[in-house]
Amino acid sequence: LAQVVQRVDSILLFTNRRFSNRRTIMVCHGELMWAFRLRFERLTQLNYRKMQADPQVKERIHNCQVISYSRRCPSTGVLYPDFRFMRSVCPWDVTLSHYDWRDICRSGGLSDAEMLAEVGHHKRIYNDEHASGPTLSGDPEQGLSCVGDKPYLAGEACRLGTAKAPTGGLANKRMKKVVLLIKTARWRLIGDDASSGLHMPDETSLQRECETHERAVQSVTDALEEVRCEVTAQDARAARLDQIFGGADVCVALGGDGTVLRAAQAMPPGMLLLPINSDPQRSVGGLCTFQIESADAPASAAAIVAKLMRGEFEVRLLPRLRITIEGSGASAQQLHAVNECFIGESDPSRAIDVEMSVEMGPWRLWRSSGILVSTQAGSSAWMRSSWTIQPQQVKAVLQAAAKLGDSDPAASLDPLRVVAICAATNKALIHHDALDNIQYLVREPTPRPGIEGAGEQGQPGTKAPHGVVKHVRCRPYGWDTQLSIDGLEPLKLSSNCTVTFEVEPDRSLWLHMIR
């Protein structure tokens, strides 16, 4: 980031000379936007790190974030000689940003007392326990510790979305063997399977995507080998992935969310997972906590590996969905998902009848296009796209309410207000904070007159087709019913089976993700 700030200084010097007393619009990547913030707001390293932390979601720079700086006071109109006010807006979800204009509070530095108080919040880099004795001559690294002398443990409670384990797992274990699971670029899949008959409209773009991804793969491999790690590389789509993890210290998933989910299915419980987005310009990678910058892939990969070797990371425990399948006289089968599960027909155009029991309550029969059950992490994936409302729908509701005299007609004409209402509504519908909660959705439910759970004259049943709960049971009755776990290869279900969904109670089986 220090080098990026130097680039920003050059840009600001040019802008000051060419566009003095004028307005400018700059379009750039998020990292460059942070560099501008560091300069304009004089952020200290401590404040910068706090803004990067999970709870400070409104301080983070999201996709398409717009940051405005002004010398003019938004309330009084007074013009100052330098920037005094700023506003940061996430246009696709305004609840993720402060939205209103704020004063810029620039730091004037720390006093001696403030510096000592801040130092007391951090672990020592040097352990006094090893400051004397033969350990210094035997192993000079024993005196240095970024993580203390505690072993890696899992299961501590944490804030929103995950649980947190102490850092230092790899540093204390002296990482030696790494399993590298690699995404196969779509360009390679097309070229390797001539019989697929798949034709894409923009093959040049696919080829560039393939080159970027493979350059990232080579950079990560070189960086790991540079620190003398034994690297076992494997295509994430290969069969029997579970056989390659023997003796490995960590699994590196290099690709996008699909690669991370495949790694999660194959890894043994408790193994650390390092998810890296190999092409952040073309892939969102919501599960990926690291990314390779395509402008300088070798340096980006080397920086990630260096942080791991120094122990500069956290381990987050991501909840897993436990799926228990019972029926047909066989013993119960248990599976796990990270994002979501879907029960439906193999033919997506065919409706399915499913009996469902929520929180061990009575069974109710639904006819729908399928049942979707997600974890907290999965609530921002498939569940979000299936259940969220759009600004056009909000506008239509406001207009209808205005015609009935229940709202201000002008509200439906303000696009920013419509977007804000849409975002707030979706957050209330989709988001949930409890780690042990799951979310279910009966997709496109069809009223069934004369069955348990149906209302008067064929209206939908009294139990809502969507909710946030702890326990869901399903009995599918279909022609060719399938269970899809994290969007991977589907599993066939018999008509007389019972499928139970709940968060895995044993946290040692949760996904141990490095971030």
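Accessible areas here come from the Shrake-Rupley method with a 1.4 Å probe. The structure is a predicted model.

**Exercise 1. Overall description**

Task: State the accessible surface of the protein, the share of buried residues and the number of helices and strands.

Solution.
1. The accessible surface comes to about 28,300 Å², and carbon and sulfur atoms account for 51% of that area.
2. Of the 515 residues in the protein, 41% are buried.
3. The secondary structure consists of 13 helices and 23 strands.
4. Take the contacts between residues at least 6 apart in sequence: 67% of them join residues at least 24 apart.

**Exercise 2. Helix H13**

Task: Check the length of helix H13 against its number of residues, then find which side of H13 holds its buried residues.

Solution.
1. H13 runs over residues 415-430, which is 16 residues.
2. The expected span is 1.5 Å times one less than the number of residues, so H13 should span 22 Å.
3. The C-alpha atoms at the ends of H13 are 22 Å apart, which agrees with the expected value.
4. The buried residues of H13 are Val418, Cys422, Ala423, Asn426 and Ile430.
5. Because these residues cover an arc of only 130 degrees around the axis, they lie on the same side of H13.
6. The buried residues of H13 pack against helix H11 (382-387), helix H12 (391-403) and strand E17 (438-443).

**Exercise 3. Strand pairing**

Task: Give the order of the strands in the six-stranded open sheet and name its edge strands. Then describe the pairing of E13 with E20 and of E11 with E22.

Solution.
1. The order in the open sheet is E18-E17-E16-E13-E20-E21, with antiparallel pairing.
2. Strand E18 (466-469) and strand E21 (491-492) each pair on one side only, which makes them the edge strands.
3. Strand E13 (residues 340-345) is joined to strand E20 (residues 481-485) by five bridges in the antiparallel sense.
4. Gly344 has Gln482 of E20 as its bridge partner.
5. Strand E11 (residues 321-327) and strand E22 (residues 498-503) are also antiparallel, with six bridges.
6. Ile325 has Val499 of E22 as its bridge partner.
7. Strand E11 is mostly covered, since five of its seven residues are buried.

**Exercise 4. Cysteines and Ser97**

Task: Determine how many disulfides the structure holds, and describe the surroundings of Ser97.

Solution.
1. A disulfide requires two cysteine sulfur atoms within 2.5 Å.
2. The structure holds zero disulfides.
3. For Cys90, the nearest cysteine sulfur is that of Cys64, 7.8 Å away, and Cys90 is in no disulfide.
4. Buried means under 20% relative accessible area. Cys90, at 0%, therefore counts as buried, and Cys251 counts as buried at 0% too.
5. Ser97 lies in the loop between strand E2 (85-89) and strand E3 (102-103).
6. Its relative accessible area is 3%, so Ser97 is buried.
7. Leaving out residues up to four places away in sequence, Ser97 touches Lys58, Gln65, Ser88, Val89 and Cys90.

**Exercise 5. Pro268**

Task: Locate Pro268 and decide whether Pro268 is buried, partly exposed or exposed.

Solution.
1. Pro268 is in the loop between helix H9 (257-266) and strand E8 (272-277).
2. Partly exposed covers the range between the buried limit of 20% and the exposed limit of 50%.
3. With a relative accessible area of 33%, Pro268 is therefore partly exposed.
4. Pro268 and Gln243 are 25 residues apart in sequence, and their C-alpha atoms are 9.7 Å apart in space.

Note on methods:
Residues are numbered from 1 along each chain as its sequence is written. This is a predicted model: local features need pLDDT of at least 70, side-chain atom pairs count only at pLDDT 80 or more; totals for chains, interfaces and linings use all residues. Side-chain values use heavy atoms; hydrogens and water are left out. Helices (H or I, at least four residues) and strands (E, at least two) are DSSP runs, numbered from the N terminus. Buried means under 20% relative accessible area, exposed over 50%, partly exposed in between (1.4 Å probe, protein chains only). The arc is that of the directions from the helix axis to the C-beta atoms. Contact means heavy atoms within 4.5 Å. Two strands pair if DSSP finds at least two bridges between them.
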